[in-house]
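Me: I'd like a close look at one part of this model: the helix packing. Could you walk me through it, residue by residue where you can?

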Amino acid sequence: MRLVRDHMTSQIQTLHHETVVCDVEKTFLKSNISGAPLVDDSESVVGFVSKSDISRFDSTGDDPFYARAYEIANPRVITVESSESIEVAAQRMLNEHVHHLVVMDGQTIVGILSAFDFVRLVANASGDNPE
C-alpha cells in the first residue's frame, strides 16, 4: 500500500499567524512553496495560508504590509495521518476542495502533502522521470 509518509514533503515551513502578507509572499518565493501552516505563540496550528489566498488578497487592493496571515488564511486545517494511504489523502483533498494537506503523526506536524506531490507520483510511475 502507498502511504502518505512516502510521498509527502517533510521539510515543513510554518509561519506565525501574525506574519504580514508581504512576508508570507517573500517566504513562499524564497522557499519555493505554495502553502504553509500558520502557528500561534504556542506552536499550535491555527490555519493554513496558500498562494490562492494571497491571489485573492492581492485582488482586494488592501495593503500587504499591514494585513496579517491569519486574516487571509483558511482557519480550517485539513489533515491526514502519515500512516494513511495515498488514496485516502487524494479523496480528502477532493472532498475538501484543497490543494494541501497537513500531515500529522498524532499531534505533531510531520509534513505537507500537496497536489504537486500527486503529479510527481504519477510522473514517477510512468518511468519517464527518475527521481
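Reply: Here's a walk through two helix pairs, plus a loop residue beside one of them.

First the ground rules: this is a predicted model, where local features need pLDDT of at least 70 and side-chain atom pairs pLDDT 80 or more, while totals for chains, interfaces and linings use all residues. Numbering starts from 1 along each chain as its sequence is written, and side-chain values use heavy atoms, with hydrogens and water left out.

Let's start with α5, the helix at residues 115-125 (helices are DSSP H or I runs of at least four residues, strands E runs of at least two, numbered from the N terminus). Its buried residues are Asp 117, Phe 118 and Leu 121 (buried is under 20% relative accessible area, exposed over 50%, partly exposed in between, with a 1.4 Å probe and protein chains only). Those three span an arc of only 100° around the axis, so they sit on the same side of α5 (the arc uses directions from the axis to the C-beta atoms). Look at the face turned away from that buried side and you'll find Phe 116 and Val 119, both exposed.

What's doing the covering? Among the elements over the buried residues of α5 are α4 (86-96) and β6 (108-114). The α4 and α5 axes come within 11 Å and cross at roughly 135° (axes are fitted to C-alpha atoms over the stretch in contact; angles run 0 to 180 degrees between N-to-C directions). That makes α4 and α5 oblique to each other (not under 35 degrees, over 145, or 65 to 115). On the α4 side, Ile 86, Ala 89, Ala 90 and Met 93 meet Ala 115, Phe 118 and Leu 121 of α5 (contact is heavy atoms within 4.5 Å). By class, this α4 contact with α5 has seven nonpolar residues, no polar and no charged ones.

Now for the other pair, α1 (residues 21-31) and α2 (residues 51-58): they pack at about 135°, axes 11 Å apart, and are therefore oblique too. The contact brings Val 21, Val 24, Glu 25 and Phe 28 of α1 up against Lys 51, Ile 54, Phe 57 and Asp 58 of α2. Here the tally is five nonpolar, no polar and three charged residues.

Finally, Ile 33 sits in the loop between α1 and β2 (35-39). Leaving aside neighbours within four places in sequence, Ile 33 contacts Gln 13, Thr 27, Phe 28 and Lys 51. Its C-alpha is 8.8 Å from that of Ser 50, 17 residues apart along the chain.

Technical notes:
Ala, Val, Leu, Ile, Met, Phe, Trp, Tyr, Cys and Pro count as nonpolar, Asp, Glu, Lys and Arg as charged, and the others, Gly among them, as polar.
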